[in-house]
Amino acid sequence: MTTPDDHTLLRRAIALAAEAHASGNPPFGSLLTGPDGTVLAEEQNTTLTDQDITAHPELKLARWAARELDPATAAGTTMYTSCQPCGMCEAVIQRAGLRRVVFALSNEQLLDIRPGSGQPPVPQDGPALLDEVRAVVAEYYR
Ligand SMILES: [Zn+2]
């Protein structure tokens, strides 16, 4: 359930999406607020100008939070984003320990606007060579 305060911050994320588009990138923008609601950081999609397929604003903010905030502060943050985070960003947001994500456009709604924008899953084969890999991994976690 979103609130009027959420909508104010979502409008800023949408403005960042428009700025990304004006800068020659896909139209996605996000920001991160602290536990008291102040804006800590803002990002835009820069996948084209950076030639980096991972330069999603949500991913950049989650990496920033994990690097710059202590875990307790990160756990009090909210990400406001113009579009629902993709699977890549969702995993990093979870790993960064953020509290909440508020989005405007859902991934399903994005697919209605841009059909075929998803990628098929890549087949994975494994596990294999368990004894060999276990020795390396167990050494680290010992
Ligand atoms: Zn993403």
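## A helix, a sheet and a zinc site

Helix α1 has 19 residues and reaches 27 Å from its first C-alpha to its last, which is close to the 27 Å expected at 1.5 Å a residue. Seen down the axis of α1, the buried residues fall within an arc of 105 degrees, so they line one face of the helix. The buried residues in question are D6, L9, L10, A13, L16, A17 and A20, while on the other side of α1 the residues P4, T8, R11 and A22 are exposed. A general property of such helices helps in reading this pattern: an α-helix has 3.6 residues a turn, so residues three or four places apart point the same way. Just after α1 comes G24, which takes a positive phi of about 90 degrees.

The model described here is a predicted one, and it helps to place this helix within the whole protein chain. The secondary structure of the chain comes to six helices and four strands, and read along the sequence these elements follow the pattern α-β-β-α-α-β-α-β-α-α. Along its principal axes, the C-alpha trace of the protein chain spans about 55 × 40 × 30 Å. Of the 142 residues of the chain, 32% count as buried. Among the contacts in the protein chain with a separation of 6 or more, 48% are accounted for by residues 24 or more positions apart.

The four strands form an open sheet, in which their order is β2-β1-β3-β4 and the pairing is mixed. At the edges of this sheet stand β2, residues 39-44, and β4, residues 100-105, each of which pairs on one side only. Neighbouring strands of the sheet are turned against each other by 15 degrees on average, with direction ignored. Strand β1, made of residues 29-33, and strand β3, made of residues 78-83, pair in the antiparallel sense over four bridges. Within this pairing, L32 has M79 in β3 as its bridge partner.

Helix and sheet can now be put together. Helix α1, residues 4-22, lies across β1, β2, β3 and β4, and it runs at about 140 degrees to β1. What covers the buried residues of α1 includes these strands, β1, β2, β3 and β4.

One residue of the sheet, T33, gives a closer view of these surroundings, and it lies in strand β1. Is T33 buried or exposed? T33 counts as buried because its relative accessibility is 2%, where buried means under 20%. Leaving aside residues up to four places away in sequence, T33 touches L9, T38, V39, L40, G76, T77, T78 and Y80. One of these residues, L9, is among the buried residues of α1.

The structure also holds a zinc ion, and the reader may ask which residues are its protein donors. They are H56 through its ND1 atom, and C86 and C89 through their SG atoms, lying 2.0 to 2.3 Å from the ion. In sequence, the donor residues of the zinc ion are spaced H-x29-C-x2-C. The two cysteines can be set side by side by their accessibility: C86 counts as partly exposed because its relative accessibility is 23%, whereas C89, at 0% relative accessibility, counts as buried. The cut-off that separates these two classes is 20% relative accessible area, since buried means under that value and partly exposed lies between it and the 50% over which a residue is exposed.

Key. Residues numbered from 1 in each chain as written. Predicted model: local features only at pLDDT ≥ 70, side-chain atom pairs only at ≥ 80, totals over all residues. Heavy atoms only, no water. Donors = N, O, S within 2.8 Å, 3.2 Å for Na, K, Ca; no water. Buried < 20%, exposed > 50% of the residue type's maximum accessible area, 1.4 Å probe, protein only. Pairing = 2+ DSSP bridges. Helix = DSSP H or I, 4+ residues; strand = E, 2+ residues; numbered from the N terminus. Axes fitted to C-alpha atoms, helices over the stretch in contact; angles between N-to-C directions. Contact = heavy atoms within 4.5 Å. Expected span 1.5 Å × (residues − 1). Arc of directions from axis to C-beta.
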